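Trainee: Could we go through this structure together, please? I have some short questions.

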Amino acid sequence: MNKWLLFCCVAALLSACSVQQTKSTTSNLVSYDWEVMPMHPEVMVYHTSDSKSMIYLGISSSELLFARNSPESPFEARLDCDVMIERMQQGVFVAHDTTDFVMIYEKENERDGIIISSNEIDLETFGRYRFTIQLTDLNRRWSFQTSLEVNKFEGGNKEDYLFTYEDGLPVFGEILRTGELVKYTTSRGDQSLSLRQWQPKTKLPPPPYVQGSRNYPSLPDTTSGQEIDKDEIFFVTEGLNTMVNANGDIIHSFLSQGESYPEIKSVDDMMFSLRYISGRREYERIEESNYRKKEIDAFWLDCGGSKDRTRELIKIYYRRVEEANRYFSSSIEGWKTDRGLIHIVFGNPTKITRDNDRETWIYGEENNLSSITFNFYRERNPLSDNLFVLERNPLFRTDWDRAVTAWRNGRIFQE
C-alpha cells in the first residue's frame, strides 16, 4: 500500500456566505493526465454524529517539497488548504461555508513516511453537500483542486462508515488490492454489515457511434453474505467486495482486480485493452496464441514501424489505460467504462465542463465545427457514484475511425 500523508481540516464556521447558485463548474485545470498533475490528493468525509463530520485529505509525501528557512531549522512541507462547502437546495448547490488554513509538517515528525492528523468540522444533518478543496504546496507553488459530493441524511449514508486498513490508515476511493485486510467503524450506522464478495460479468463498451444501453453490474440476489461486525477485520478478495446493511442497502462497494491494479503489469492486462484499436480477428489471434507477449509486440511494431516509435506508442497507450483505472474505476474497471474508452483512444480533452451530474469533454476549440464534444451523464448506481455513461451518437463514427486509424498508423491522437 502506498504511503500517505493524511491530514484533516478543521475550522469554525465563518459568517454565512451570500447564497449563490452553482449550476455548473468549468475548469481548464481539471485533467486526467496523471503525470502532468503535480499532486494527487484524495479526499473523504466521515460523519461522526448528527452535527459533526470529519474531512480527510491524503497525499503522498513524495509529492511534497520539504524545505527549511535556515540551516538550523527543520525541513518542512507547507500546505495551504482552501475549502468551500456548498449544499443542495432546490436542485442546485448554493454556497454554505468557507475556510482557509495552512498546515505545516516537519520531516523529522514522520513515522514510516506517514503523518496523521484529524479533527472535526461542523456539518448538520441536511442532505447533499459538495466540498471543493484547493490545495497548494507553498514551497513550490503548485496547486491542485478537487471536489466530492457528500450525503448526510438521517442515516444509512456511505459516509456514516469509515473503512480503514489493518494499520488504521483510511481507505480512499473505491479500489482495494486483493489480499488487503480491512475493517470499518461507525457512529451513525449499523454495527454489523453483510459482506458480499463476488465477480461480476461485464462487457466492453461499444464505440461511441453505436447506440444502445449497457447493463452495468447489480448485486445478485443469490450472492451469499458474511456478517462483519464493527472493527472486525475482513479479507479482500478479487472482484467486488460489497457491504450491505440490514435493510439490504449497499453501503460501499470496493473493486479489487489483483495486487497490481490499477497499474498495467501483466500480458493479459496489455492484451485486454487492445480491443479498442484492434480488429476482431486480429484480437482473437492474440487471445488464442500461446505466445501472447510476442503477438502484442508484433501488433505494436506494425503500428509504429520503428522500435523507437513503437516504444512511444506503448508508453502512452498503457499510461492512458492506467489513468482510466485510477480515475474512472467504479463497479467495473476504469478502462472498461465509457470515460475510459474515450480517454484511452482520444486522450485528455482540451476542456472539461462539469455540472452536478454531467461531464462534457471538448477536443479542440469550443464551438468550432471541427471540434469533438462528448457528454457523459452520471449513472445513479448503488454500487458506485463514479459511473458516467456516454451520450452516443452515430455522427461520432468519423471521429472514432480517424482516432483509431491514427493509432494504427503510429500517430497519437491528442498528445
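Mentor: We shall discuss a helix pair, a loop residue, a sheet and one strand residue.

Mentor: This is a predicted model, in which local features need pLDDT of at least 70 and side-chain atom pairs count only at pLDDT 80 or more, while totals for chains, interfaces and linings use all residues. Residues are numbered from 1 along each chain as its sequence is written, and side-chain values use heavy atoms, with hydrogens and water left out.

Trainee: At what angle do α5 and α6 pack?

Mentor: Helix α5 (residues 338-346) meets helix α6 (residues 397-408) at about 50 degrees, and their axes are 9 Å apart. Axes are lines fitted to C-alpha atoms, for helices over the stretch in contact, and angles run from 0 to 180 degrees between N-to-C directions. Helices (H or I, at least four residues) and strands (E, at least two) are DSSP runs, numbered from the N terminus. The two helices, α5 and α6, are therefore oblique to each other; angles under 35 degrees count as roughly parallel, over 145 as roughly antiparallel, 65 to 115 as roughly perpendicular and the rest as oblique.

Trainee: Which residues make the contact?

Mentor: From α5 they are Leu341, Ile344, Val345 and Phe346, and from α6 they are Asp399, Trp400, Ala403, Val404 and Trp407. Contact means heavy atoms within 4.5 Å.

Trainee: Now the loop after α5: is Asn348 buried or exposed?

Mentor: Asn348, in the loop between α5 and β19 (351-355), counts as buried because its relative accessibility is 18%. Buried means under 20% relative accessible area, exposed over 50%, partly exposed in between (1.4 Å probe, protein chains only).

Trainee: What does its side chain reach?

Mentor: The side chain of Asn348 reaches the backbone nitrogen of Asp33 at 3.3 Å. A polar atom of that side chain also lies 3.0 Å from the backbone nitrogen of Tyr32.

Trainee: Changing topic, in what order do the strands of the β12 sheet run?

Mentor: The order is β12-β13-β16, three strands in an open sheet with antiparallel pairing. Its edge strands, β12 (161-165) and β16 (234-235), each pair on one side only. Two strands pair if DSSP finds at least two bridges between them; β12 and β13 (residues 181-186) have five.

Trainee: And where does Tyr161 lie?

Mentor: Tyr161 lies in strand β12 and, at 5% relative accessibility, counts as buried. Its side chain reaches the backbone nitrogen of Asp190 at 2.8 Å. Beyond neighbours within four places in sequence, Tyr161 has contacts including Tyr46, Leu193 and Ile251.

Key. Polar contact = N/O pair within 3.5 Å; in protein donor to acceptor, adjacent residues only side chain to side chain.
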